[in-house]
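Visitor: I would like to learn how to read a protein model, feature by feature. Can you take me through one?

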Amino acid sequence: MSRLVTERTFLAGKIFFNFGQSSIDCVVRRLSEEAATLEMGSGLGVPERFQLRLAGRETLACRVIWRSDRQVGVAFEQPGSEQATGEERDRSSDALMRAQMLALRAALDHVPTGIVLLDADLRARLINRSFREMWHLPDQVADSNPSILTLLHHGRDIGAYEVPDPALEAHVIERVRVIEAGDPTPIDVRRTNGDVVRVQCTPLPDGGRMLTYTPVTDIVRSSDELKLLRDALENVQDGVLLLDSDLNASFMNLRMRRFWEVSEEEAARRPAYAALVSRVQRASAPDLAASELAKFPGKRVAEVMAGDHVRDLQTPDGRRIRAHCTTMSNGGRMLTYVDITDLTNKAAMLERLATTDPLTGLYNRRHFLGALDAEWSRFQRYYRSVSVLMLDIDHFKSVNDRYGHAVGDEAIKAVAAACNEGKRKSDLVGRIGGEEFAVLLPETSLSRARLVAERIRKRAMAIRLKAHQVQFGVTVSIGIAEATVSMSGIDALMGAADQALYQAKNEGRNRCIAFAPPRPASKAAE
């Protein structure tokens with residue numbers, strides 16, 4: 001066979017097999033004396049041995065030594081190879097090695113990772129297609145066995161590195177140092193077009209180096225976004241706790257670590273949520289009895305395991321925490337802790353302002369009537385007794401006229417205190433008007449209401465006030481009424497108590513009078 005000249009020009013060829021009855025058109029991409037790389041529509045139909053006819057050349061016997069989807073690597077067979085001499089066998093072995101090298105080069109050209117093989121002098125002996133395209137490296141440069149310094153300077157000269165100009169040379173020198181040292185630590189190189197390439201150096205047995213350049217833009221961007229998110233969560237004012245599907249803490253921000261008194265090192269060990277809620281009783285249900293405190297951690301874990309909910313918690317120092325639990329797509333949970341102490345206090349303050357009398361601290365008229373209406377509904381539904389007391393300070397106008405309104409206010413506050421001290425725990429006291437008060441007595445009959453009224457009257461009579469070096473007392477008149485089925489509503493009940501109050505005043509004040517419905521007209525005539 002005549003010697004073939006190695007060349008890179010594409011040659012047209014035709015594959016013949018099946019005794020010349022079948023053929024496949026191909027392109028010869030790499031041709032040497034011993035081997036070639038052939039490209040066709042599909043390499044699957046090419047047999048192991050065939051004849052290759054080149055345009056304007058002789059027909060060559062070929063044997064497939066590697067194949068891919070669209071390429072096959074072949075070695076040329078000599079006629080009479082069975083009786084080949086030792087020298088011919090060596091040449092055949094050498095051809096096989098060369099063919100395998102061609103196969104390796106072809107395979108490396110199709111991987112998406114940039115690959116550079118350096119010899120012991122750090123000069124490139126192989127640069128695959130992905131690297132050339134990644135760094136826009138011309139073939140004439142890549143095929144000239146350039147040094148690693150030449151390759152790095154090429155990246156510098158085309159402005160590929162996202163490195164400030166004053167630091168470019170230092171960047172190149174550092175990269176050469178790392179490669180010379182054979183340091184395998186991956187380094188992410190950011191490019192000016194926004195891409196990120198992960199470079200890794202692997203020392204080779206012959207003293208050379210293999211450099212791999214893997215595109216990791218999406219991975220790095222995701223990592224950057226995750227870091228940005230974690231940094232944001234780390235510094236928000238609310239506590240954030242992420243739990244995995246086993247309820248182990250996968251993330252705890254600064255606020256949450258401070259709340260649980262957990263160090264960064266302990267948080268990194270992914271403690272169980274059950275262990276967190278059990279430590280030093282950091283929070284529990286509001287106003288929980290001491291006997292129930294030990295049971296709360298287990299109940300809290302069960303709540304979180306059950307899924308989405310909102311729970312208000314209270315710390316030992318009285319702060320209120322609102323915990324939101326959200327189920328995540330991975331089966332874990334996200335807990336956010338928001339300190340609502342100020343909101344709770346303001347809400348309580350607004351509630352007090354809306355429902356209480358600012359002078360006495362008693363419930364105001366609107367709230368009292370609302371509570372009475374609720375009791376009236378229970379009375380109508382279950383026929384449970386309910387009674388009302390109406391109180392009025394005797395001769396209060398003369399107190400204001402003689403001693404002034406400031407002393408009058410003190411008298412009102414003293415009577416309010418007497419009502420609070422004389423009522424039972426279930427009773428409710430309200431200031432209805434200037435010096436007028438009312439007491440709601442749930443589930444209380446008229447006879448029992450008399451006892452409460454008398455107790456309040458005696459406490460009021462014991463009051464001593466001082467004005468202008470003069471000490472004086474006050475008394476109250478009290479009207480008592482019990483709800484009856486004949487009454488039309490709370491207005492009728494309040495009217496009955498008010499009628500009894502006026503009767504007490506007419507009979508001399510400082511006394512308690514119970515309302516008695518008028519007798520039927522027929523009996524009155526008798």
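Guide: We will go through sheets, strands, a helix, one residue and some ring pairs. Keep in mind that this is a predicted model.

Visitor: Start with the sheets. In what order do the strands E8, E7, E11, E10 and E9 lie, or rather, how should I read such an order?

Guide: Read the order from one edge to the other. Here an open sheet of five strands runs E8-E7-E11-E10-E9, and the pairing is antiparallel. Strands E8 (124-127) and E9 (187-190) stand at the edges, each with a single partner strand, so one side of each has no neighbour in the sheet. From one strand to the next, the twist averages 20 degrees.

Visitor: How many bridges pair E7 with E8?

Guide: Three bridges, in the antiparallel sense, with E7 covering residues 114-118. For a landmark, find Leu-117: its bridge partner in E8 is Leu-126. Helix H5 (residues 168-181) packs on this sheet. H5 touches E7, E9, E10 (196-203) and E11, and its direction makes about 125 degrees with that of E11.

Visitor: What is the strand order in the open sheet that contains E13 and E14?

Guide: The order is E13-E12-E16-E15-E14, five strands with antiparallel pairing. The edge strands are E13 (249-252) and E14 (309-314), each paired on one side only. Neighbouring strands are turned by 20 degrees against each other on average, direction ignored. Three bridges join E12 (residues 239-243) to E13. Leu-242 has Phe-251 in E13 as its bridge partner. Helix H11 (residues 296-306) packs on the sheet and touches E12, E14, E15 (320-327) and E16 (333-339). The direction of H11 makes about 155 degrees with that of E14.

Visitor: Now a single strand. How do I read its two faces?

Guide: In a regular strand, side chains alternate between the two faces of the sheet. So check each face on its own. Take E3 (residues 35-39), where five of five residues are buried. On one side sit Ala-35, Thr-37 and Glu-39; on the other, Ala-36 and Leu-38. Both faces are covered.

Visitor: Which strands pair with E3?

Guide: E2 (residues 22-31) pairs with E3 in the antiparallel sense over four bridges. A hairpin joins E2 to E3 through three residues. Val-28 stands opposite Leu-38 in E3. E3 is also joined to E6 (residues 71-77), antiparallel again, by five bridges. There Glu-39 stands opposite Gln-71.

Visitor: And a helix?

Guide: An α-helix has 3.6 residues a turn, so residues three or four places apart point the same way. Try that on H17 (residues 490-506). Its buried residues include Ile-490, Leu-493, Met-494, Ala-497, Ala-500, Leu-501 and Ala-504. The buried list also holds Lys-505.

Visitor: What covers the buried residues of H17?

Guide: The cover includes helix H13 (365-382) and the strands E17 (386-393), E19 (436-442), E22 (476-482) and E23 (512-514). Check the length of H17 too. Its 17 residues reach 24 Å from first C-alpha to last, close to the 24 Å expected at 1.5 Å a residue. After H17 comes Gly-508, with a positive phi near 120 degrees.

Visitor: Is Ala-411 buried or exposed?

Guide: Compare its relative accessibility with the cut-off: buried means under 20%. Ala-411 is at 1%, so this residue counts as buried. Ala-411 lies in helix H15 (residues 405-422). Leaving out residues up to four places away in sequence, Ala-411 touches Ile-393, Phe-396, Leu-465 and Val-474. The C-alpha atoms of Ala-411 and Gly-473 are separated by 8.8 Å, yet the two residues are 62 apart along the chain.

Visitor: Last, the aromatic pairs. How many does the structure hold?

Guide: Nine. To class a pair, look at the angle between ring planes; over 60 degrees is edge-to-face. Phe-131 and Tyr-213 have planes at 70 degrees and centres 4.9 Å apart, so they are edge-to-face. This pair links distant parts of the chain: Phe-131 is in helix H2 (residues 129-134), Tyr-213 in strand E11 (residues 209-215), 82 residues apart. Phe-131 is buried at 4% relative accessible area, and Tyr-213 is buried at 5%. Ring pairs link Phe-131, Trp-135, Tyr-161 and Tyr-213 into a cluster.

Visitor: Which residue lies over the face of Trp-135?

Guide: Arg-191, at 4.6 Å from the ring centre. Elsewhere, Arg-384 lies over the face of Tyr-382, at 4.9 Å from the ring centre.

How values were computed:
Residues numbered from 1 in each chain as written. Predicted model: local features only at pLDDT ≥ 70, side-chain atom pairs only at ≥ 80, totals over all residues. Heavy atoms only, no water. Helix = DSSP H or I, 4+ residues; strand = E, 2+ residues; numbered from the N terminus. Buried < 20%, exposed > 50% of the residue type's maximum accessible area, 1.4 Å probe, protein only. Contact = heavy atoms within 4.5 Å. Phe/Tyr/Trp six-rings, centres within 6.5 Å; stacked < 30°, edge-to-face > 60°. Lys NZ or Arg CZ within 6 Å of the ring centre and 35° of its normal. Pairing = 2+ DSSP bridges. Axes fitted to C-alpha atoms, helices over the stretch in contact; angles between N-to-C directions. Expected span 1.5 Å × (residues − 1).
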